[in-house]
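Q: Please take a close look at a single part of this model, and set out its ends, its buried face and its contacts in one connected account.

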Amino acid sequence: MENGKGTFNYTYSAKQQEEIQNIRKKYLPRQENKMEQLRRLDQSATKKGTVVSILMGVVGCLLLGIGMCCTMVWMEQLFIPGVIIGVIGIVAIAAAYPLYSRITKKQRQKLAPQILKLTEELSKPE
């Protein structure tokens, strides 16, 4: 807006512009940039191993508990089967971390070409 002296006056509100941009972002289609894609790929390398090892640990704990219950509560009838079930539970618990490591290693080998390609693209100076 021009005042009588030949100068222009305008108002700029950074807070208002930021709010406008935030509202605009809600309605734009979501586009994943390369850094977000790299983070997502890196997280997906451990996700499968984590889920499988947690399930293996939980099943092992349950088996160990059932074995303990058999040996303590029904000692006369189920002592030997209880010991066997408990040992199987201990083995399952002990196998959870090596299983996690193995699955994660395979997933990382599978995702390595994509991740290395993205890291090279992101590392290049623009």
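**Helix H2 and its cysteines**

A: Cys69 is partly exposed, with a relative accessible area of 31%; buried means under 20%, exposed over 50% and partly exposed in between, with a 1.4 Å probe and protein chains only. Cys70, at 7% relative accessibility, counts as buried. This is a predicted model, in which local features need pLDDT of at least 70 and side-chain atom pairs count only at pLDDT 80 or more, while totals for chains, interfaces and linings use all residues. Residues are numbered from 1 along each chain as its sequence is written, and side-chain values use heavy atoms, with hydrogens and water left out.

A search of the whole structure finds zero disulfides, a disulfide being a pair of cysteine sulfur atoms within 2.5 Å. Cys69 is in none; its nearest cysteine sulfur, that of Cys70, is 5.9 Å away. That separation is too far for a bond.

Helix H2 covers residues 34–72, which makes 39 residues; helices here are DSSP runs of H or I with at least four residues, numbered from the N terminus. From first C-alpha to last, H2 reaches 57 Å, close to the 57 Å expected at 1.5 Å a residue, where the expected span is 1.5 Å times one less than the number of residues. H2 nevertheless has a kink of about 25 degrees centred on Thr46; the bend at a residue is the angle between axes fitted to the seven residues ending there and the seven starting there. At the N-terminal end, Asn33 caps H2, with a side-chain oxygen 3.2 Å from the backbone nitrogen of Met35.

The buried residues of H2 include Leu38, Leu41, Ala45, Thr46, Gly49 and Cys70. Their cover includes helix H3 (75–123). The largest nonpolar core has six residues: Leu38, Leu41, Ala45, Leu111, Ile115 and Leu118. H2 and H3 each supply at least two residues of this core. Such a core is a set of buried Ala, Val, Leu, Ile, Met, Phe, Trp, Tyr and Cys residues joined through side-chain atoms within 4.5 Å.

Contacts (heavy atoms within 4.5 Å) fill in the detail. Neighbours within four places in sequence aside, Leu38 touches Ile115, Leu118, Thr119 and Leu122. Around the kink, the partner is Thr104, which lies in H3. Thr104 is buried, at 4% relative accessibility, and, with the same neighbours set aside, is in contact with Ala45, Thr46 and Gly49.

Notes: A polar contact is a pair of N or O atoms within 3.5 Å; within protein, one must be able to donate a hydrogen and the other to accept it, and residues adjacent in sequence count only if both atoms are side-chain atoms.
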